[in-house]
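I keep these notes as a record of what I looked up, entry by entry. Each entry starts from a question or a topic and ends with what I found.

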Amino acid sequence: MKIFIKNIKSLLMTIPNEVPFVEGHSMSELHQLNDAWLAVEDGLIADYGSMSEFEGIEDWRNLTIIDASGRFVLPTWCDSHTHTVFAKSRAGEFEDRLRGLTYEEIAQRGGGILNSARNLQAMSEDDLYTQAFDRLNFMMQHGTGAVEIKSGYGLTAESELKMLRVIKRLKETHPITIQSTFLALHAIPEHYSGNVDAFVDHMIQDVLPIVASEKLADFVDVFCEKGYFSVDHMSQLLKAAGELGIQGKVHVNQFNNLGAVQEAVQLGVRSVDHLELISNDDIASLKNSKTMAVALPGCSLFLEIPYTEARRIMEENIPLALATDFNPGSAPNSNMNLVNSLACIKMKMLPHEVIQASTINAAYAMDVHETLGSISRGKKANLILTKPLDSISEMFYYFGQSPVDGVILNGKVERSID
Ligand code: NIG
Ligand code: FE
């Protein structure tokens with residue numbers, strides 16, 4: 001199957017194939033080609049160029065032609081941090097919060113992650129799979145072409161493995177490219193309360209080896225936070241996973257800065273996520289490292305906590321990515337378009353910076369940058385065709401709406417333009 005997209009108003013993110021991510025200072029320099037065409041073959045980006053230099057098509061058989069007049073074409077969004085497999089909403093806790101309780105207070109009463117874990121433990125693998133599949137369809141319709149999904153609502157060996165098997169099935173069956181993360185240390189189950197070390201040992205010694213031998217995870221993760229897991233617990237997990245060849249991605253600096261960023265960077269994590277709080281030492285450790293900083297503005301909005309200081313991070317030339325953190329407790333939103341608008345409005349990121357943060361940098365944060373995240377010959381043809389728009393800024397200006405019209409994944413039209 002071949003697709004030829006012609007009359008593209010502007011083709012965005014035409015960076016060289018080998019660029020793994022874009023550093024902070026360069027994020028405002030968007031590579032683009034105006035009045036362009038793009039050809040898709042065998043699921044990949046075959047070629048692109050400008051309409052004025054177009055020399056015709058050799059073989060018109062089996063070719064779908066799309067006229068993209070007035071529209072931007074760009075790589076699909078990569079969402080490098082989600083908890084898409086969960087059993088139930090926590091809308092009851094949402095009401096509690098509206099009445100004045102905080103996220104921490106709800107968690108202390110046995111709500112929060114423990115609430116999600118009870119629901120998940122009770123739900124069958126098939127039901128979890130079907131629900132998550134539908135959620136992925138919504139994300140795809142809104143322009144997301146790659147999603148990282150974490151376990152972490154299991155909290156027992158059995159339920160964590162159940163979650164990871166669901167993610168594996170989604171990987172095998174959904175057109176979105178999926179990466180799987182074993183969120184081994186997310187919350188302390190009730191029967192381990194007062195005995196956190198024993199739970200950490202159990203996850204590292206008993207569960208992690210099974211996850212590794214069954215190849216159920218691309219990454220491991222930990223919620224490093226007061227009342228949850230310490231920097232030392234994080235290090236133990238990252239070291240054990242490293243010995244098994246699994247890299248880390250970590251939840252750090254959401255409510256408190258425990259000094260986890262420096263340790264995580266030193267241990268070679270792929271990304272440090274949240275960073276609602278950040279110190280000069282954290283900044284220094286991230287500079288020139290291979291670790292991506294990931295901001296989650298949907299979580300800041302929903303919990304009314306500070307937004308990650310994107311400008312400060314980018315001014316230090318540190319690369320930054322954006323993700324939804326889609327989960328039932330702190331960020332029940334899976335729409336990257338809203339995240340992108342929030343990054344502009346609340347974090348003062350410029351539209352050009354947002355596009356790089358949500359494509360190539362996000363692809364790097366989930367280790368799919370070699371096949372996704374830019375318009376490069378030979379990468380997967382995962383493409384967004386926007387609605388007809390006057391400018392790039394209009395993509396994020398209509399916040400809460402979607403600029404996405406057409407979606408192509410793996411060279412197949414998943415959503416046609418109107
Ligand atoms: O990324 N911080 C920990 N994990 C999630 C929240 C999970 C939940 O509340 O269910 C987060 O914000
Ligand atoms: Fe999270």
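**Entry 1. Helix 13**

Which residues of helix 13 are buried? I worked on a predicted model throughout. I found Pro351, Glu353, Val354, Ile355, Gln356, Ala357 and Ser358 buried in helix 13. Helix 13 covers residues 351-358, and seven of its eight residues are buried, so the rest of the structure largely encloses it.

**Entry 2. Overall dimensions**

I then turned to the whole protein. Its secondary structure comes to 15 helices and 16 strands. The radius of gyration is 21 Å, close to the 22 Å that the globule rule gives for 418 residues, so I noted the protein as being as compact as a globular protein of that length. The C-alpha trace spans about 70 × 45 × 45 Å along the principal axes. I recorded 60% of the 418 residues as buried. The protein exposes about 16,200 Å², of which carbon and sulfur atoms supply 48%. For contacts between residues at least 6 apart in sequence, I noted that 74% join residues at least 24 apart.

**Entry 3. The parallel sheet**

In what order do the strands of the open eight-stranded sheet lie? I read the order as 6-7-8-9-10-11-12-13, with parallel pairing. Strand 6 (77-79) and strand 13 (320-322) are the edge strands, each pairing on one side only. Neighbouring strands of this sheet are turned by 25° against each other on average, with direction ignored.

I followed several of the pairings in turn. Strand 8 and strand 9 are parallel and share four bridges, with Leu185 opposite Val222 in strand 9. Strand 9 (residues 219-222) pairs with strand 10 in the parallel sense over two bridges, and here Val220 stands opposite Gly248 in strand 10. Strand 12 (residues 292-295) is joined to strand 13 by three bridges, again in parallel, and Ala293 stands opposite Leu320 in strand 13.

I also checked how strand 9 is covered. Phe219 and Asp221 point one way from strand 9, Val220 and Val222 point the other way, and all are buried. This agrees with a general pattern: in a regular strand the side chains alternate between the two faces of the sheet. Strand 10 (residues 247-252) is mostly covered, with five of its six residues buried. As for packing on the sheet, helix 5 (residues 157-173) lies across strand 7 (144-150) and strand 8 (177-185), and it runs at about 170° to strand 8.

**Entry 4. The iron site**

Which residues coordinate the iron ion (ligand 2)? I listed His81 (NE2), His83 (NE2), His251 (NE2) and Asp325 (OD), at 2.1 to 2.3 Å. The sequence spacing of these donor residues is H-x1-H-x167-H-x73-D. His81 and Asp325 link distant parts of the chain, 244 residues apart: His81 is in the loop between strand 6 and helix 1 (91-98), and Asp325 is in the loop between strand 13 and helix 12 (336-347). I found both His81 and Asp325 buried.

**Entry 5. The hairpin of strands 2 and 3**

Strand 2 (residues 32-41) and strand 3 (residues 44-50) run antiparallel and are joined by six bridges. The bridge partner of Val40 in strand 3 is Ile45. The hairpin has two residues between its strands, and Asp42 takes a positive phi near 50° there.

Next I looked at Phe54, in the loop between strand 3 and strand 4 (63-67). Its relative accessibility is 27%, so I entered Phe54 as partly exposed. Not counting residues up to four places away in sequence, Phe54 touches Phe4 and Trp37. Phe54 and Asp67 are 13 residues apart in sequence and 15 Å apart in space, C-alpha to C-alpha.

**Entry 6. Two asparagines with positive phi**

Is Asn253 buried or exposed? At 1% relative accessibility Asn253 counts as buried. Asn253 lies in the loop between strand 10 and helix 8 (260-266), and its phi is near 60°, a positive value in a residue other than glycine. Asn288 also is not a glycine and has a positive phi of about 60°. I placed Asn288 in the loop between helix 9 (280-286) and strand 12. At 78% relative accessibility, Asn288 counts as exposed. I flagged these phi values with a general point in mind: most residues other than glycine have a negative phi.

Conventions:
Residues are numbered from 1 along each chain as its sequence is written. Chains are lettered from A and ligands numbered from 1 in the order in which they are written. This is a predicted model: local features need pLDDT of at least 70, side-chain atom pairs count only at pLDDT 80 or more; totals for chains, interfaces and linings use all residues. Side-chain values use heavy atoms; hydrogens and water are left out. Two strands pair if DSSP finds at least two bridges between them. Axes are lines fitted to C-alpha atoms, for helices over the stretch in contact, and angles run from 0 to 180 degrees between N-to-C directions. Contact means heavy atoms within 4.5 Å. Donors are N, O and S atoms within 2.8 Å of the metal (3.2 Å for Na, K and Ca); water is not among the atoms, so sites may look incomplete. Buried means under 20% relative accessible area, exposed over 50%, partly exposed in between (1.4 Å probe, protein chains only). The radius of gyration is taken over C-alpha atoms; the globule rule is 2.2 Å times the number of residues to the power 0.38. Accessible areas come from the Shrake-Rupley method with a 1.4 Å probe; for residues, only the protein chains shown count as cover.
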